[in-house]
Amino acid sequence: MIANVLIALAAGCASALMFASIASGALISLVLFYLSPLPLMVAAMGWGPLTAALGGTLAALALGAIFSSSYGLAFALTIALPAWWLGHLALLGREVGPPSAPGAPPALEWYPLGRILIWIAAFAALTTIGALLTLGLDAATITATLRRGLLRILGVKDGTTPSSGAETVIDALIAMAPAAAAIITMLTLTLNLWLAGKVTATSGRLHRPWPDMKAAALPPLTLAALAFALAICFAGGLPAIMAQIVVAALMMAYALVGFAVLHTLTLALKARPLWLSCTYAIMLVFGWPVVAMAALGLADAIFGLRQRYLQRHTPPPLAPHP
């Protein structure tokens with residue numbers, strides 16, 4: 001028990017320091033800020049969700065005392081809560097059958113990866129919407145606040161009118177900003193959870209087998225939720241902005257599933273490592289080809305690409321011996 005408390009204290013301190021480093025304005029602080037859920041996720045997956053909950057609570061209280069209560073609340077809702085809950089889900093399992101042998105542990109079914117992706121998308125959408133609502137409670141106020149912040153970043157003085165070309169670029173950036181924020185949050189939470197799993201597995205403290213990433217699939221109702229959010233995007237105003245954030249998060253979830261589909265469909269290729277390496281390199285350099293991965297994930301959800309591929313390439317069962 002004492003060891004778990006010390007681990008919680010260490011994880012909370014590390015996460016709080018990484019979160020607060022953004023106040024320095026240094027470039028490296030941005031990396032530390034995005035990795036701030038990692039210590040709490042490692043604590044959750046290696047020492048249990050209660051340890052992460054304790055560490056996150058202590059860190060939020062410390063940040064609230066040092067900076068402000070709103071700062072501590074922001075840490076609790078955007079860092080500590082997702083780290084605790086996702087770490088809990090990663091270790092969540094249920095018995096599905098008797099033990100394979102006397103004295104062996106019972107057969108377990110672990111929480112599906114696709115459902116974890118949906119939770120990550122939900123956290124990304126909710127935290128982004130919450131951040132926007134701190135800027136204003138209507139679309140016009142939010143847009144005006146984003147415009148002022150962007151003009152300040154670009155060094156445009158107050159009262160100065162940008163050129164028509166710059167105005168078009170600024171309008172496009174403002175329109176894309178909420179969706180881009182949701183995508184970045186989605187990616188960082190997914191990366192942190194993967195890194196936490198790797199750290200705990202390497203240390204021998206991961207109390208579950210490593211999942212088959214190629215089998216990740218989103219629940220069927222996700223398509224209906226995506227279609228509904230797309231329809232709300234045409235409503236205009238604040239509901240449209242919120243719907244765009246939800247669409248961006250869900251499309252990013254389908255893009256991650258698209259990578260799982262790609263890994264499955266290339267199983268029979270002799271130069272598979274080369275093809276996969278080139279694909280990931282293109283994604284990192286250009287970014288926009290991730291749309292193809294989202295389309296691949298959607299196609300798999302609609303047409304069952306992986307299931308058809310595995311049915312064609314799975315060898316028939318061996319005939320029983322006479």
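A contact here means heavy atoms within 4.5 Å.

**Figure 1. Overall view of the predicted chain.** The model shown is predicted. Among contacts in the chain between residues at least 6 apart in sequence, those that join residues at least 24 apart account for 69%. The secondary structure of the chain comprises 13 helices and 2 strands. Measuring along the principal axes, the C-alpha trace extends over about 90 × 50 × 35 Å. Of the 322 residues in the chain, 36% are buried. The accessible surface of the chain amounts to about 18200 Å², and carbon and sulfur atoms contribute 74% of this area.

**Figure 2. A nonpolar surface patch involving helices α1 and α4.** Met 1, Val 5, Leu 9, Leu 54 and Leu 58 together make a nonpolar patch of about 460 Å² on the surface. Two elements, α1 (2–20) and α4 (49–66), each give two or more residues to this patch. Leu 54 belongs to helix α4. With a relative accessibility of 34%, Leu 54 is classed as partly exposed, because its value falls between the 20% limit for buried and the 50% limit for exposed residues.

**Figure 3. The salt bridge between strands β1 and β2.** In the chain as a whole, the count of salt bridges comes to 3. One of them joins the side chains of Glu 109 and Arg 94, with an N to O distance of 2.8 Å. The two partners come from distant parts of the chain: Arg 94 lies in strand β1 (residues 93–97) and Glu 109 in strand β2 (residues 107–110), 15 residues apart. Arg 94 has a relative accessible area of 55% and is therefore exposed. Glu 109, at 36% relative accessibility, is partly exposed.

**Figure 4. The salt bridge of Asp 212 and Lys 214.** Asp 212 and Lys 214 form a salt bridge in which the closest N and O atoms are 3.2 Å apart. Asp 212 is partly exposed, its relative accessible area being 44%. Lys 214 is likewise partly exposed, with a value of 29%. Lys 214 is also among the residues in contact with Thr 264, which is the subject of Figure 6.

**Figure 5. The salt bridge of Arg 306 and Asp 300.** A salt bridge links Arg 306 to Asp 300, and the closest N and O atoms of the pair are 2.9 Å apart. Arg 306 is buried, with a relative accessible area of 8%. Asp 300 is buried as well, at 10% relative accessibility. Both assignments follow because buried residues are those under 20% relative accessible area.

**Figure 6. The surroundings of Thr 264 in helix α10.** Thr 264 is part of helix α10 (residues 237–265). At 4% relative accessibility, this threonine counts as buried. When neighbours within four places in sequence are left aside, Thr 264 contacts Lys 214, Arg 306, Tyr 309 and Leu 310. Two of these residues take part in salt bridges: Lys 214 pairs with Asp 212, and Arg 306 pairs with Asp 300.

**Figure 7. Thr 190 in helix α8.** Helix α8 (residues 164–203) contains Thr 190. A polar atom of the Thr 190 side chain lies 2.8 Å from the backbone oxygen of Met 186. Apart from neighbours within four places in sequence, the residues in contact with Thr 190 are Leu 117, Ile 120 and Leu 256.

**Figure 8. Ala 179 in helix α8.** Ala 179 is likewise found in helix α8. Leaving out residues up to four places away in sequence, Ala 179 touches Gln 244 and Ala 248. From C-alpha to C-alpha, Ala 179 and Trp 110 are separated by 31 Å in space, and they stand 69 residues apart in sequence.

**Figure 9. Two cysteine residues, Cys 13 and Cys 278.** A search of the whole structure returns 0 disulfides. Cys 13 has a relative accessible area of 40% and is partly exposed. Cys 278 is also partly exposed, at 37% relative accessibility.

Note on methods. Residues numbered from 1 in each chain as written. Predicted model: local features only at pLDDT ≥ 70, side-chain atom pairs only at ≥ 80, totals over all residues. Heavy atoms only, no water. Patch = residues over 30% accessible without salt bridge, like charges linked within 9 Å, V, L, I, M, F, W, Y side chains within 5 Å. Areas by Shrake-Rupley, 256 points an atom, 1.4 Å probe, with all protein chains shown as cover. Salt bridge = Lys/Arg side-chain N within 4 Å of Asp/Glu carboxyl O. Helix = DSSP H or I, 4+ residues; strand = E, 2+ residues; numbered from the N terminus. Buried < 20%, exposed > 50% of the residue type's maximum accessible area, 1.4 Å probe, protein only. Disulfide = S-S within 2.5 Å. Polar contact = N/O pair within 3.5 Å; in protein donor to acceptor, adjacent residues only side chain to side chain.
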